[in-house]
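This report describes the fold and the interior of one protein chain. Please consult the sequence and the structure shown below while reading.

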Amino acid sequence: MKKLTAAYTLILFLVGFSLFSAQSKNTFEKEKTAISTMLDAFNVAAAKADYTEYFNFFADESTFIGTDATEIWNKKEFMVWAKPYFDKKKTWNFKALKRNIYFSKDGKLAWFDELLDTQMKICRGSGVVEKINGSWKVKQYVLSVTVPNEVVDKVVVEKALIEDALIQKLKS
């Protein structure tokens, strides 16, 4: 009888654990879809030059890091920098080619990396999003230009003069 009770307990435990794991996996899959939808809408808002909609995707305390080494702004600074582009309808049009999304154990934070089709050819977007008041918001976004290994030496030559000066300035 004890063996039978232990077997039932083990079976109930395994079934319960399996249901919990499946539910957690389904929750993260739903959240992945929500984040992916949000990031796509974020890119569409920029392409449409919808200033208000675009910046509503950022958390109040957030950071944008651009492709130039000097481009690191909090939300308010980025809004000031971007405003003339949005006003002139000369914004950017990024489309995700591939995206990976990962979650913290508690599911309150997620981070992503994506390859983007842009006017600069393939770029990489990466960042952190947080669920705030039921909506996923961008806490940090990093935009990087990808450089194929075959041409990295040429790119380094091209940027050397500009970045050597910046390196010296940052060292002092």
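## Phe78 and its aromatic partner

Phe78 counts as buried, because its relative accessibility is 1% and the cut-off for burial is under 20%. The model discussed here is a predicted one. Trp92 also counts as buried, at 12% relative accessibility. The rings of Phe78 and Trp92 form a stacked pair, because their planes meet at 25° with the centres 6.5 Å apart, and stacking requires planes under 30 degrees apart. This pair links distant parts of the chain: Phe78 belongs to helix H3, whereas Trp92 sits in the loop between H3 and S3, 14 residues apart.

## The nonpolar core

Which residues touch the most other members of the largest nonpolar core? Among the 30 residues of this core, they are Tyr54 and Phe78. The elements that each supply two or more residues to the core are helix H1 (2-47), helix H2 (51-56), S1, H3, S3, S4, strand S5 (121-132) and S6. The most is given by H1, with six residues. In soluble globular proteins, nonpolar side chains tend to be buried together.

Leaving aside residues up to four places away in sequence, Tyr54 is in contact with Phe42, Ala45, Ala46, Phe64, Phe78, Phe86 and Trp92. One of these contacts, Phe86, lies in helix H3 and is buried, with a relative accessible area of 2%. With the same sequence neighbours left out, Phe86 touches Ala45, Ala46, Ala49, Asp50, Tyr51, Tyr54, Phe55, Thr91 and Trp92. The C-alpha atoms of Phe86 and Ala47 are 9.3 Å apart, although the two residues are separated by 39 residues along the chain.

## Aromatic pairs

The aromatic pairs in the protein number 29. One of them joins Phe42 and Phe57 in an edge-to-face arrangement, with 6.1 Å from centre to centre and 85° between the planes. Phe42 is in helix H1 and Phe57 is in the loop between H2 and S1, so this pair ties together parts that are 15 residues apart in sequence.

Are the two partners buried or exposed? Phe42 is buried, with a relative accessible area of 2%. Phe57 is buried as well, with a relative accessible area of 14%.

## Order of the elements and the sheet

The protein contains four helices and six strands. Read from the N terminus, these elements follow the order α-α-β-β-α-β-β-β-β-α. The six strands form an open sheet with mixed pairing, in the order S2-S1-S6-S5-S4-S3. Its edge strands, which pair on one side only, are strand S2 (72-74) and strand S3 (95-103). On average, neighbouring strands of the sheet are turned by 15° against each other, with direction ignored. Helix H3 (residues 75-87) packs on the sheet, where it touches strand S1 (58-65) and S2; the direction of H3 makes about 110° with that of S2.

## Strand pairings

Where do parallel and antiparallel pairings occur in the sheet? S1 pairs with strand S6 (residues 135-145) in the parallel sense, over four bridges. Within this pairing, Val138 in S6 is the bridge partner of Phe58. S1 and S2, by contrast, run antiparallel and are joined by three bridges. Thr63 has Asn74 in S2 as its bridge partner. S1 and S2 form a hairpin, with six residues between them.

At the other edge, S3 and strand S4 (residues 109-118) run antiparallel and are joined by eight bridges. Here Asn100 stands opposite Asp113 in S4.

## Overall burial and surface

Of the 172 residues in the protein, 27% count as buried. The accessible surface amounts to about 12000 Å², and carbon and sulfur atoms account for 60% of that area. Among contacts with a separation of 6 or more, 44% are between residues 24 or more positions apart.

Terms used. Residues are numbered from 1 along each chain as its sequence is written. This is a predicted model: local features need pLDDT of at least 70, side-chain atom pairs count only at pLDDT 80 or more; totals for chains, interfaces and linings use all residues. Side-chain values use heavy atoms; hydrogens and water are left out. Two strands pair if DSSP finds at least two bridges between them. Axes are lines fitted to C-alpha atoms, for helices over the stretch in contact, and angles run from 0 to 180 degrees between N-to-C directions. Contact means heavy atoms within 4.5 Å. Buried means under 20% relative accessible area, exposed over 50%, partly exposed in between (1.4 Å probe, protein chains only). Accessible areas come from the Shrake-Rupley method with a 1.4 Å probe; for residues, only the protein chains shown count as cover. A nonpolar core is a set of buried Ala, Val, Leu, Ile, Met, Phe, Trp, Tyr and Cys residues joined through side-chain atoms within 4.5 Å. Rings of Phe, Tyr and Trp (its six-membered ring) pair if their centres lie within 6.5 Å; planes under 30 degrees apart count as stacked, over 60 as edge-to-face and the rest as tilted.
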